[in-house]
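Here is a quick tour of one model, meant to be read with the viewer open. Have a look at the sequence and the fold, then read on.

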Amino acid sequence: GIGSLIAGAAVGGSGSAGGANSRTAGELPPEEVYPSPSVRLLRPHANIQLHVTHANILLQPCDAPDGHPDSAWLCVERASAQIRLLDAGSAREEVARAAAAAKDYSTQRVYGVVGVLKLLAGPYLALISAVEPVGRVLGCAVLQVVGVLLVPFTAADGGGLSAEQARSERQYVAELQAWLQSGAFFFSYCLDLTRPLQDSLTQARAPSRARRGSGPAQSGGVAEEREIRAQPLWKRADHRFFFNWHASRELTGAGLHAWALPLIQGYIQVERISEAQLYASTPIGNFAGFGGNSSNASSIPTGTKVVEDDERVRVCQLVLIARRSRLRAGQRFHTRGADGRGHVGNFVESEQALIALRPPARGSGGAGEEAGGAAGGRGARGCAGECA
């Protein structure tokens with residue numbers, strides 16, 4: 001089925017980024033801020049320019065400055081189907097020659113690599129061509145896939161297929177495109193959506209706990225959390241919910257960590273409750289945008305000082321995440337019960353989180369807001385630092 005092609009590889013069609021969600025040149029979201037030249041990238045590239053020539057498919061990491069260890073371009077040799085890294089200088093020369101010839105050359109912005117997918121005509125490179133922002137969670141942008149581009153490795157039309165095979169190929173491509181662009185796939189460049197949010201908070205607190213001087217019983221756990229944070233995003237992912245795990249194997253197996261982008265299949269919703277809504281003189285449970293029956297609800301009188309100013313919650317977020325396992329995904333008629341390892345058909349893990357943002361503690365000298373709790377409810381800094 002379609003699900004097995006990508007979860008266990010495949011995609012289709014084309015999409016275009018544009019409209020209200022396309023970024024203008026010069027804008028730089030936090031996910032595209034790079035570390036110093038001596039620091040390797042632990043997240044996937046967030047700003048990619050696709051260049052398609054007759055000989056190669058080239059992906060330019062526009063968010064990587066020249067000289068950075070991760071500034072090399074991803075190159076797919078169309079004749080040999082090999083994937084390798086190409087230094088930026090050589091890649092720019094090839095693009096300049098192809099653009100000057102103005103033949104068999106195209107370019108566009110893409111947002112990530114789904115993986116390598118194999119259909120009847122051969123391998124394809126699946127790319128995310130359009131996204132819809134969902135919100136920011138723990139300082140990281142969460143995006144929904146709404147456009148997918150499929151670039152065939154072979155430059156020849158048809159790839160030697162018969163008329164019947166060509167019809168089947170077009171059908172596979174159309175069905176895969178409709179499925180992947182259905183709004184059921186989400187990703188983040190710096191937040192591991194395959195695991196509970198509390199895990200991200202725990203890992204984000206590890207450096208601060210180490211600076212405070214954890215005891216012997218805690219030092220092992222802190223060291224383990226810091227070791228996890230030092231791994232690329234795809235290595236930290238829970239493989240059960242890393243839905244394009246199989247499609248990414250040619251990237252992860254070759255050590256191309258900055259090009260592997262974990263996707264989850266499911267649903268994500270982020271709702272924000274402002275300070276005015278939190279402390280307004282309105283019935284509790286009847287915040288704007290959330291409805292609620294106010295007939296029996298109590299209210300907070302105007303002017304009532306509920307908490308001290310330094311403890312006052314500035315913003316709250318309600319986050320709902322549902323992630324579907326890739327291990328036994330399929331049509332209900334064919335995928336039922338459990339296998340020998342206990343994996344049940346179409347397993348979905350649901351998570352609800354309340355994130356409270358407070359100002360920094362007095363005397364901390366820090367700027368910005370502090371995450372007062374998520375899932376487990378314990379205070380911790382957001383993990384925006386992982387974006388770098």
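## Starting at Leu119

Let's begin with Leu119, which counts as buried because its relative accessibility is 14%, under the 20% cut-off for that label. Leu119 belongs to strand E6. Its C-alpha lies 8.7 Å from that of Val173, although the two are 54 residues apart in sequence. Keep in mind that this is a predicted model.

## The main nonpolar core

Which residues of the largest nonpolar core touch the most other members? They are Ile128, Val145, Leu150, Phe185, Phe187, Tyr189 and Leu263, out of 26 residues in that core. As for the elements, two or more core residues come from each of strand E6 (112-119), strand E7 (122-137), strand E8 (140-152), helix H3 (163-180) and strand E9 (185-187).

Leu263 is a handy place to zoom in. Leaving out neighbours within four places in sequence, Leu263 is in contact with Val114, Ile128 and Val145. The same list for Leu263 also holds Phe186, Phe187, Phe241, Phe242, Phe243 and Asn244.

## Leu127 on strand E7

Next up is Leu127, found in strand E7. Leu127 is counted as buried because its relative accessibility is 0%. What does Leu127 contact once neighbours within four places in sequence are left aside? The list runs through Leu50, Leu59, Val110, Gly112, Val113 and Val114, and then Gly147, Val148, Leu149 and Val151.

There is also a C-alpha spacing to check here: Leu127 and Val116 are 9.2 Å apart in space, with their positions 11 residues apart in sequence.

## Aromatic pairs

How many aromatic pairs does a search of the whole structure find? The search turns up 5. In one of them, the rings of Phe187 and Tyr189 have centres 5.3 Å apart and planes at 80°, so this pair is edge-to-face. Phe187 and Tyr189 are both buried, and both are among the core residues that touch the most other members.

Elsewhere, ring pairs join Trp179, Phe185 and Phe243 into a cluster. Phe185 is another of those core residues with the most member contacts, while Phe243 turned up above as a contact of Leu263.

## The second largest cavity

Now for some empty space. The second largest cavity has a volume of about 50 Å³. Its lining is made up of Ser188, Leu191, Asp192, Leu193, Thr194, Leu233, Pro262 and Ile264. Sorted by class, that lining comes to 5 nonpolar, 2 polar and 1 charged residues.

## Two positive phi values

Most residues other than glycine have a negative phi, so a couple of loop positions deserve a look. Ala81 has a positive phi, near 60°, and is found in the loop between strand E3 (73-77) and strand E4 (82-86). Ala81 is partly exposed, since its relative accessible area is 30%.

Leu138 has a positive phi too, near 55°. This residue sits in the loop between E7 and E8. Is Leu138 buried or exposed? Leu138 is buried, given a relative accessible area of 6%.

## Two more loop residues

Gly67 and Val313 round off the tour. Gly67 is in the loop between strand E2 (56-61) and E3, and counts as exposed because its relative accessibility is 66%. The C-alpha atoms of Gly67 and Ala88 are separated by 9.0 Å, with the two residues 21 apart along the chain.

Val313 is in a loop as well, between helix H8 (275-278) and strand E11 (315-324). Val313 is buried, as its relative accessible area is 12%. Apart from neighbours within four places in sequence, Val313 is in contact with Glu275, Leu278 and Tyr279, and also with Ala356, Leu357 and Arg358. Finally, the C-alpha atoms of Val313 and Ile355 are separated by 10.0 Å, and these residues are 42 apart along the chain.

Methods
Residues numbered from 1 in each chain as written. Predicted model: local features only at pLDDT ≥ 70, side-chain atom pairs only at ≥ 80, totals over all residues. Heavy atoms only, no water. Core = buried A, V, L, I, M, F, W, Y, C linked by side-chain atoms within 4.5 Å. Buried < 20%, exposed > 50% of the residue type's maximum accessible area, 1.4 Å probe, protein only. Helix = DSSP H or I, 4+ residues; strand = E, 2+ residues; numbered from the N terminus. Contact = heavy atoms within 4.5 Å. 1 Å grid on protein atoms, 1.4 Å probe; cavity = no way out; pocket = protein on both sides within 12 Å on 5 of 7 lines; lining within 4 Å. Points joined across faces, edges and corners; volume = space filled by probe spheres on them. Nonpolar A, V, L, I, M, F, W, Y, C, P; charged D, E, K, R; others polar. Phe/Tyr/Trp six-rings, centres within 6.5 Å; stacked < 30°, edge-to-face > 60°.
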